[in-house]
Structures are given as structure tokens and as C-alpha cells.
Amino acid sequence: EPFAGPRPKVDALVTDRPGIAVGASTADCGPVLFADPRAGVIGAAHAGWKGAISGVLESTIGAMEELGARRENIVAVLGPSISRENYEVGQEFVDRFVAHDEENARYFTPSSRAAHAMFDLNTYTVDRLRRAGVNAEALYRCTYAEEDLFYSYRRATHRKEPDYGRHISAIVLEKR
């Protein structure tokens, strides 16, 4: 039994126990899967903008290190998430990111609408992972644009659909 009670409601999980899958459920936010194959430690994180800016990626790496992982050996991959071309945000969103770190301005490009910008969640996430010292890549697959393959909260909202579905991205440590 992986948990000694009800499943926790968290944005990230790590394990060093073979045969246990950890995953993240998303529908535009970034699912990030982590592995340190040398130490035998894996993790999964749900990294939307709130989680990414508040440190869920770095916390996941820290939890992996507590189980014996070394950040220079950790590989992290960002799965399908909304692309810059489809992620329009208001000025208050931009201001929040720039107030957190002036360098964050580079993740925004002008929108066709006044007082709006397009946010690059994918590059922001990968850059945070790399700054944290792990080997990071992204699939750069857009959940909004690739509707034949992916669910999208934003797309469903724009279309006023009743539900938007969810993805699960998971990783499991094989028995050695």
C-alpha cells in the first residue's frame, strides 16, 4: 500500500519504491516527469503557472534528493501543455511574474488585444528546471491546438463545453 491513509492531494510525488507509478493529471498545465536512474528515484509534478512560480519544480527535486537523487543526474521532461500561441493572459498576470523576477518579462510577447500578452509556460518551466540544475527538455506539444490528441481546459472554456477531460502523465521505477 503506497499511502497509510487517503491519497494526498498534492502537486508532486516522488518515490524510490519499484513498481509504484507516480503521475500528474493535467489539461493545459505542464506535467513534468523526473528520474535519477543512478539513484533509482522518480517523481512527477503538476506545474501550471502557480506551481511553477511558487517552486513546485524545485521542491520536487529537493524531495528526490532526500531519497538519494543527485540533481546533476536527474532528467526532467515537460509533457504536453498549452503553447505560447494559445496562452493569452492579462496585464495583471504579466505584472505578477515580472514582480517576482524582472527576467520573467522574456516569457511574454505582445497579444493582438490591448493590455494582454502571450505567455510561454513551456520555456518558463524548462528554464526553471535547468536553473535548478537538472537536465530538462520539453515535448513542445500544445494541448490547446492539438485537439485530436489532447484535452484542454482553455479550449473547452472558450467553446463553453461542459467538461474538458484530463490527461495523466505517469512514470514508474522498474524493479532492478
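Is Phe 97 buried or exposed? Phe 97 is buried, since its relative accessible area is 0% and the cut-off for buried is under 20%. The legends below describe close-up views of a predicted model.

**View 1. The aromatic pair of Trp 49 and Phe 97.** The structure holds 13 aromatic pairs. In the pair shown here, the ring centres of Trp 49 and Phe 97 are 6.1 Å apart and the ring planes stand at 55°, so the pair is tilted. Trp 49 belongs to helix α1 and Phe 97 to helix α3 (residues 91–100), so the pair ties together parts that are 48 residues apart in sequence.

**View 2. A cluster of aromatic rings.** Trp 49 and Phe 97 are also members of a cluster linked by ring pairs. The other members of this cluster are Tyr 87, Phe 93, Tyr 107, Phe 108, Phe 119 and Tyr 124.

**View 3. The largest nonpolar core.** This core has 35 residues. Those with the most contacts inside the core are Val 32, Phe 34, Leu 57, Val 89, Phe 108, Phe 119 and Leu 129. Leaving aside residues up to four places away in sequence, Leu 129 touches Val 32, Phe 34, Leu 57, Ile 61, Ala 76, Val 134 and Ala 136. A second core, separate from this one, has five residues, among them Val 22, Ile 42, Ala 44 and Leu 173.

**View 4. Helix α4 (residues 121–131).** Eight of the 11 residues of α4 are buried, so the helix is largely enclosed by the rest of the structure. The buried residues of α4 include the nonpolar Leu 121, Val 126 and Leu 129. Asn 122, Tyr 124, Thr 125, Asp 127 and Arg 128 of α4 are buried as well. Gly 133, just after α4, takes a positive phi of about 95°.

**View 5. The second largest pocket.** The space in this pocket is about 410 Å³. The pocket is lined by 20 residues, and the closest to its centre are Asp 28, Cys 29, Trp 49, Tyr 87 and Tyr 153. Two or more lining residues come from each of β2 (21–26), α1 (49–54) and α5 (153–158). Helix α5 gives the most to the lining, with four residues. By type, the lining consists of eight nonpolar, seven polar and five charged residues. Trp 49 and Tyr 87, listed here close to the pocket centre, also appear in the aromatic cluster of View 2.

Key. Residues are numbered from 1 along each chain as its sequence is written. This is a predicted model: local features need pLDDT of at least 70, side-chain atom pairs count only at pLDDT 80 or more; totals for chains, interfaces and linings use all residues. Side-chain values use heavy atoms; hydrogens and water are left out. A nonpolar core is a set of buried Ala, Val, Leu, Ile, Met, Phe, Trp, Tyr and Cys residues joined through side-chain atoms within 4.5 Å. Buried means under 20% relative accessible area, exposed over 50%, partly exposed in between (1.4 Å probe, protein chains only). Contact means heavy atoms within 4.5 Å. On a 1 Å grid over the protein atoms alone, a cavity is a set of points where a 1.4 Å probe fits but cannot get out, and a pocket is an open set with protein on both sides within 12 Å along at least five of seven lines; lining residues have an atom within 4 Å of a point. Grid points are joined across faces, edges and corners, and a volume is the space filled by probe spheres set on the points. Rings of Phe, Tyr and Trp (its six-membered ring) pair if their centres lie within 6.5 Å; planes under 30 degrees apart count as stacked, over 60 as edge-to-face and the rest as tilted.
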